[in-house]
Number of protein chains: 2
Amino acid sequence: MGTGYSIRRVERQDYEGVLQALSALTTVGSVSRTQFEETVDHWNHVKVSSEPEILQYHPYVVLHGEEVAATGMLFIERKLIHGCGLVGHIEDIAVSLHHQGKQLGRALIDHLTNLGLRHCYKVILDCDERNVRFYEKCGYSRAGVEMQRR
Amino acid sequence: MGTGYSIRRVERQDYEGVLQALSALTTVGSVSRTQFEETVDHWNHVKVSSEPEILQYHPYVVLHGEEVAATGMLFIERKLIHGCGLVGHIEDIAVSLHHQGKQLGRALIDHLTNLGLRHCYKVILDCDERNVRFYEKCGYSRAGVEMQRR
């Protein structure tokens, strides 16, 4: 990452910055400060295993000084297959409009991927067809089709 | 589902049946009875919210009498976007070789999807290109590309 940028877990005080960054990605809707703090507390609390202690949710922010420039999530799913294996899911990667074009998405993906591969036999994510090239540059390859029902 | 079939949450005593069903899907690897029971206990314990109380993992079996004929998982992810929305992920749908061709996969998907849509603004899953038609019949539509890194 460029000068002045740093990365850390999301904290309770990141309310405005995280919601603003996410609004560059999709509909955030109505989220109060209390709801945000409760969600962050939940993310910081739930474990996928106790020995070794592995948290289930890994929400991160890229900061520029004290400003949230990007955010992204890795969460870990506990399975039976692959010898009670863990799978990492990367979700909701968003870069604030003021900080796009600075490879922050790439830095965030690399960080979350490395974190995931420490514990998981694979890390997966879903993306638009137009972002496949970007994720290939991050070391990912096509694995299947994402289907949804609303 | 046909006569003699029923559906319920996975329980600790389903060790052999669940692993056998999963082996029709992928590599299960070495999973001891103790590891299985610990995993089921974890799934039965972790909540995605406390009020209303919503469990995070929803592992199900289709039984034929007392035999496990199929298994599948819905797990729920807690997000910020969409007004602190929940997203359901369907994973690891497996039908035992002796019970294939009896629409058990369809019954399981319908069950997990309905469960998910009670709480979540969407339910997603990843599948092979050759299974897209099946999931379209289940009411799903294409949403994106699944990428993976191992």
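The exercises below work through the sheet, the chain contact and some local features of a predicted model.

Residues are numbered from 1 along each chain as its sequence is written, and chains are lettered from A and ligands numbered from 1 in the order in which they are written. In this predicted model local features need pLDDT of at least 70, side-chain atom pairs count only at pLDDT 80 or more, and totals for chains, interfaces and linings use all residues, while side-chain values use heavy atoms and leave out hydrogens and water.

**Exercise 1. The sheet**

Task: In what order do the 12 strands of the open sheet lie?

Solution:
- Step 1. Strands (E, at least two residues) and helices (H or I, at least four) are DSSP runs, numbered from the N terminus. Two strands pair if DSSP finds at least two bridges between them.
- Step 2. The order is 1(A)-4(A)-5(A)-6(A)-7(A)-8(B)-8(A)-7(B)-6(B)-5(B)-4(B)-1(B), with mixed pairing.
- Step 3. The edges are strand 1 (5-9) of chain A and strand 1 (5-9) of chain B, each of which pairs on one side only.
- Step 4. Neighbouring strands are turned by 25° against each other on average, direction ignored. Axes here are lines fitted to C-alpha atoms, for helices over the stretch in contact, and angles run from 0 to 180 degrees between N-to-C directions.
- Step 5. Strand 1 of chain B is joined to strand 4 (residues 57-64) of chain B by 5 bridges, and the two run antiparallel. In this pairing B:Arg9 stands opposite B:Tyr60.

**Exercise 2. Strands that pair across the chains**

Task: Which strands of chain B are joined by bridges to strand 8 of chain A?

Solution:
- Step 1. Strand 8 (residues 141-149) of chain A runs antiparallel to strand 8 (residues 141-149) of chain B, with 7 bridges between them. One partner pair is A:Glu146 and B:Gly144.
- Step 2. Strand 8 of chain A is also joined to strand 7 (residues 122-127) of chain B, by 5 bridges and again antiparallel. Here A:Val145 has B:Cys127 as its bridge partner, and A:Arg149 stands opposite B:Val123.

**Exercise 3. The contact between the chains**

Task: How many residues does each chain bring to the contact, and what area is buried?

Solution:
- Step 1. Contact means heavy atoms within 4.5 Å. Chain A brings 60 residues and chain B brings 60 residues.
- Step 2. Buried area is the accessible area (1.4 Å probe) that two parts lose on being put together, summed over both. For chains A and B it is about 5500 Å², and carbon and sulfur atoms give 55% of this.
- Step 3. A:Leu80, A:Met147 and A:Arg149 supply 17% of the area that chain A buries against chain B, more than any other three residues.
- Step 4. A salt bridge is a side-chain nitrogen of Lys or Arg within 4 Å of a carboxyl oxygen of Asp or Glu. The interface has 4 of them, among them the one between A:Asp92 and B:Lys79 (2.8 Å, N to O).
- Step 5. On the side of chain A that touches chain B, strand 8 of chain A gives the largest share, 9 residues.
- Step 6. Helix 2 (residues 33-45) of chain A lies across strands 1, 4 and 5 of chain A together with strand 5 (67-78) of chain B, at about 130° to that strand of chain B.

**Exercise 4. Local features**

Task: Where are the cis peptide bonds before A:Pro52 and B:Pro52 placed?

Solution:
- Step 1. The bond from A:Glu51 to A:Pro52 is cis, with omega near 5°, and the bond from B:Glu51 to B:Pro52 is cis as well, with omega near 5°.
- Step 2. A:Pro52 lies in the loop between strand 2 (47-50) and strand 3 (53-55) of chain A. B:Pro52 lies in the loop between strand 2 (47-50) and strand 3 (53-55) of chain B.
- Step 3. Most residues other than glycine have a negative phi, and most peptide bonds are trans. A:Cys84 has a positive phi, near 55°, and sits in helix 3 (residues 81-84) of chain A.

**Exercise 5. A salt bridge within chain A**

Task: Which parts of chain A does the pair A:Glu16 and A:Arg33 tie together?

Solution:
- Step 1. Over all chains the structure holds 22 salt bridges. In one of them the side chains of A:Glu16 and A:Arg33 meet (3.1 Å, N to O).
- Step 2. A:Glu16 lies in helix 1 (residues 15-23) and A:Arg33 in helix 2 of chain A, so the pair ties together parts that are 17 residues apart in sequence.
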